[in-house]
Amino acid sequence: MGLLDFIFPKYCVNCKRVGDYLCPNCFSYLSFDTKNICLICGKPSYNGLTHPKCRGKYRIDGAFTGVVFNPVSKKLIYQLKYKPYLKDLGDFMTDLLYESLIQNEEFVRVTRSRYVFVPIPLSDKRFKKRGYNQAEIIAVNLSKKFGFLVVNGLERIRETKSQVGLNKEERKENIAGAFRLKEQFKYHIKNKNVIIVDDVLTTGATLYEAGKIFKKGGVIQVFGVAFAREQ
Ligand SMILES: [Zn+2]
Ligand SMILES: [Zn+2]
């Protein structure tokens with residue numbers, strides 16, 4: 001136990017028991033996500049890749065996730081979003097995500113090439129209010145594991161309403177045109193590979209939209225990574 005643990009003891013996000021962000025009992029409610037789907041058609045896909053028949057010039061190439069979105073992983077994500085003083089919660093969650101990713105042989109194959117991690121940005125308004133972006137915390141922690149740079153290359157150019165309660169098509173409409181590449185980033189991403197990082201993947205509308213922006217900007221391979229997947 002370090003000094004900081006003594007001053008700020010960790011509590012299980014689910015049952016509040018002192019010790020770690022998840023006690024062994026609540027940890028057992030988590031499960032690695034194995035439901036890989038193609039983000040284009042939404043049907044099952046081997047190892048999370050976009051089906052050959054669903055590929056397109058401006059389409060994302062696949063997506064990988066860590067754990068199943070359930071009441072326990074939801075609490076982890078909530079704490080990461082709203083409790084910035086939980087300094088190493090991001091490490092804890094990224095370790096889980098990493099363990100899941102390296103079990104996916106397709107992800108391991110893909111990341112033999114060099115990538116840059118790009119977190120899904122918050123709107124300026126939300127960023128100012130919260131002071132940090134939870135997707136960036138995950139991206140920074142992943143970068144330590146994979147040795148890829150993190151580049152905040154996307155910006156949100158308009159506010160979007162919450163995606164909660166919307167179906168796949170509504171989500172796509174809601175997020176369409178919400179992002180653009182930052183001017184200073186345009187030159188650097190041509191002919192590179194990008195992994196977009198987000199906290200939760202639901203229908204994949206956000207990753208789909210961001211993927212399109214990168215492909216139009218000349219990126220070769222675009223994949224998405226999210227901590228949890230809503231089933
Ligand atoms: Zn617990
Ligand atoms: Zn498909």
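**Exercise 1. Which residue in β7 stands opposite V200?** Place the pair in its sheet.

*Solution.* The model is predicted; local features need pLDDT of at least 70, side-chain atom pairs count only at pLDDT 80 or more, and totals for chains, interfaces and linings use all residues. Residues are numbered from 1 along each chain as its sequence is written, with chains lettered from A and ligands numbered from 1 in the order in which they are written.

Step 1. A228 in β7 stands opposite V200.

Step 2. Seven bridges join β6 (residues 194-201) to β7 (residues 222-229), and the two run parallel. Strands pair if DSSP finds at least two bridges between them. Strands (E, at least two residues) and helices (H or I, at least four) are DSSP runs, numbered from the N terminus.

Step 3. Read the strand order: β1-β7-β6-β2-β3, an open sheet of five strands with parallel pairing. β1 (62-68) and β3 are the edge strands, each pairing on one side only.

**Exercise 2. Trace the neighbours of β2 (residues 116-119).**

*Solution.* Step 1. Toward β6, count four bridges, in parallel. V118 stands opposite I196 there.

Step 2. Toward β3 (residues 149-150), count two bridges, also parallel. V116 stands opposite L149.

**Exercise 3. Describe how α4 (residues 89-101) packs on α7 (residues 134-146).**

*Solution.* Step 1. Two packed helices are described by the angle between their axes and the distance between the axes. Axes are lines fitted to C-alpha atoms, for helices over the stretch in contact; angles run from 0 to 180 degrees between N-to-C directions.

Step 2. For α4 and α7 the angle is about 60° and the axes are 9 Å apart. That makes α4 oblique to α7. (Under 35 degrees is roughly parallel, over 145 roughly antiparallel, 65 to 115 roughly perpendicular, the rest oblique.)

Step 3. List the contacts, meaning C-beta atoms, placed from the backbone, within 7 Å. G90, D91, M93, T94, L97 and Y98 of α4 meet I137, I138, N141, L142 and K145 of α7.

Step 4. α4 also lies across β1 and β7, at about 120° to β1.

**Exercise 4. Is N191 buried or exposed?**

*Solution.* Step 1. Find N191 in the loop between α9 (183-189) and β6. Its phi is positive, about 65°, although N191 is not a glycine.

Step 2. N191 is exposed, because 8 other C-beta atoms lie within 10 Å. (The cut-offs: buried at 20 or more, exposed at 12 or fewer, partly exposed in between, with C-beta atoms placed from the backbone.)

Conventions. Contact = placed C-beta atoms within 7 Å.
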